[in-house]
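Me: I am new to this kind of picture and would like to learn how to read it. Could we go through a few features together?

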Amino acid sequence: MKYEEFTEDIQKKLTEIVEEQYEDGTVVIRNVLKNNGVRMKAVSILRKEERATPSIYLRQYYQEYKKGRSTDSICKEIFAIYENSMNAFHANVDLTELSDFERIRKKLFYRLINYEKNQSVLKDAPHFQFLDLAIVFYMYLESDENGISSVMVHNYNLETWGKTAEEIREIALKNTWQKYPSWICDMEQLVSDMILKDLKHTMGEDKDGFLAEEGSYGAYKIEEVEQVIREEVSQLKMEKNMEMYILSNEQRLNGAACITYPGVLRNFAQEHQSDLCIIPSSIHEVILIVGTHWDLEWLNKMVKQVNKEDVDATEVLSDHVYIYSREEDDISY
């Protein structure tokens, strides 16, 4: 079954489920405009009494279908997600607050996106250009184990509130810096933790604290394995002669915006007595490389390749690196 046929089948079977539960439910398939101009098919259940409804994207479900999952099972899960989302939404969100600025001001935040790739969105939304990126604003409505519900601020919101883009910016900047403080982690530690976590997950840990399966690390206790892994990763770093760090916020969500936080890059550069090469790994984080001698042509090619092959198209920030000058306290590209 091709993708178009799959979406039609989902719409048909989900409609049958909805009609059994509601008299006024309608199932629609829409092409939703995402970050970077990416359009993704999503299914929504519309009801007259509801002013908002979740968009449930179908791409991942199609991959599961191709691996053998039935569309009946997928539709049951989609309907369950809809009901759970609506119950949580009603419990945590009052939509009337979206028009009341005093009630929404504490929920205004900002993030960084690519300026050129989002022109169609930016023409209807307040924004400020930062290098070749754009600072845009969001209202974060509620969060749970499934993520955060957010609504982008558009020009009509400013008209409703009687506010200017500059006023929104000042509030969103302070809210974001306070609620989502910056976080910097040595790449060596991060990679070591990821490897150890994967080993624990795949091999398990016995009652005595040893990895359950024999293998490269099977004769070691967990704390010994951790030390071995850190030594191996450290050796790799020395061979590459490259100090690398992850910069994001503590939630690792839209953390690339941390490069705009006051003093973050300056303090880190002063601590290491070095300029910085900034690799935009995604909208959620960047990689900082300490030093002054970089092969920028190679790094830019690497960024483009990684974005093309390994980063979700909706999460790409930029296709080239940035340079922070410690002397000038400024970023360029």
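Reply: Gladly; we will take a helix, a sheet, some loops and a cavity in turn. Please keep in mind that this is a predicted model.

Me: Let's begin with the helix. How many residues does α1 have, and what distance does it reach from its first C-alpha to its last?

Reply: A helix can be checked by setting its reach against the expected value at 1.5 Å a residue. Helix α1 covers residues 3-21, which is 19 residues, and reaches 27 Å, close to the 27 Å expected.

Me: Which residues of α1 are buried?

Reply: Here the cut-off helps: a residue counts as buried when its relative accessible area is under 20%. In α1 the buried residues are Phe-6, Thr-7, Asp-9, Ile-10, Leu-14 and Val-18. They sit on the same side of α1, because they cover an arc of only 165° around the axis.

Me: And which exposed residues does the face turned away from the buried side of α1 carry?

Reply: That face carries Glu-8, Lys-12, Glu-19 and Glu-20. You can turn the view of α1 to see this face and the buried one.

Me: Now the sheet. In what order do the three strands lie, and is the pairing parallel or antiparallel?

Reply: The general idea is that strands of a sheet pair through backbone hydrogen bonds, in either a parallel or an antiparallel way. In this structure the open sheet runs in the order β1-β2-β3, with antiparallel pairing. At the edges are β1 (26-33) and β3 (56-57), each of which pairs on one side only.

Me: How many bridges join β1 and β2?

Reply: Eight bridges link β1 to β2, which spans residues 39-46. To follow the pairing by eye, find Thr-26, which stands opposite Leu-46 in β2. Another pair to look for is Val-28 with its bridge partner Ser-44 in β2. On the side of β3, two bridges join that strand to β2 in the antiparallel sense, and there Val-43 has Ile-56 of β3 as its bridge partner.

Me: How many residues of β2 are buried?

Reply: Six of its eight residues are buried, so to speak of β2 as mostly covered is fair.

Me: Which residue takes a positive phi in the hairpin of β1 and β2?

Reply: That is Asn-36, with a phi near 65°. The hairpin has five residues between the strands.

Me: Where does Gln-273 lie, and what is its phi?

Reply: Gln-273 is in the loop between α10 (264-272) and β10 (276-282). Its phi is positive, about 50°, although Gln-273 is not a glycine. With 53% relative accessibility, Gln-273 counts as exposed.

Me: Where can I find Asp-329?

Reply: Look in the loop between β12 (322-325) and β13 (330-332). Asp-329 is not a glycine, although it has a positive phi of about 50°. Asp-329 is partly exposed, at a relative accessible area of 37%.

Me: Last, how many cavities of 30 Å³ or more does the structure hold?

Reply: There is one. About 60 Å³ of space lies in the largest cavity. Its lining includes Phe-109, Tyr-110, Tyr-140, Thr-176 and Asn-249.

Me: By class, what residues make up the lining of the largest cavity?

Reply: Six are nonpolar and three are polar, with no charged residues in the lining of the largest cavity.

Technical notes. Residues are numbered from 1 along each chain as its sequence is written. This is a predicted model: local features need pLDDT of at least 70, side-chain atom pairs count only at pLDDT 80 or more; totals for chains, interfaces and linings use all residues. Side-chain values use heavy atoms; hydrogens and water are left out. On a 1 Å grid over the protein atoms alone, a cavity is a set of points where a 1.4 Å probe fits but cannot get out, and a pocket is an open set with protein on both sides within 12 Å along at least five of seven lines; lining residues have an atom within 4 Å of a point. Grid points are joined across faces, edges and corners, and a volume is the space filled by probe spheres set on the points. Ala, Val, Leu, Ile, Met, Phe, Trp, Tyr, Cys and Pro count as nonpolar, Asp, Glu, Lys and Arg as charged, and the others, Gly among them, as polar. Helices (H or I, at least four residues) and strands (E, at least two) are DSSP runs, numbered from the N terminus. The expected span of a helix is 1.5 Å times one less than its number of residues. Buried means under 20% relative accessible area, exposed over 50%, partly exposed in between (1.4 Å probe, protein chains only). The arc is that of the directions from the helix axis to the C-beta atoms. Two strands pair if DSSP finds at least two bridges between them.
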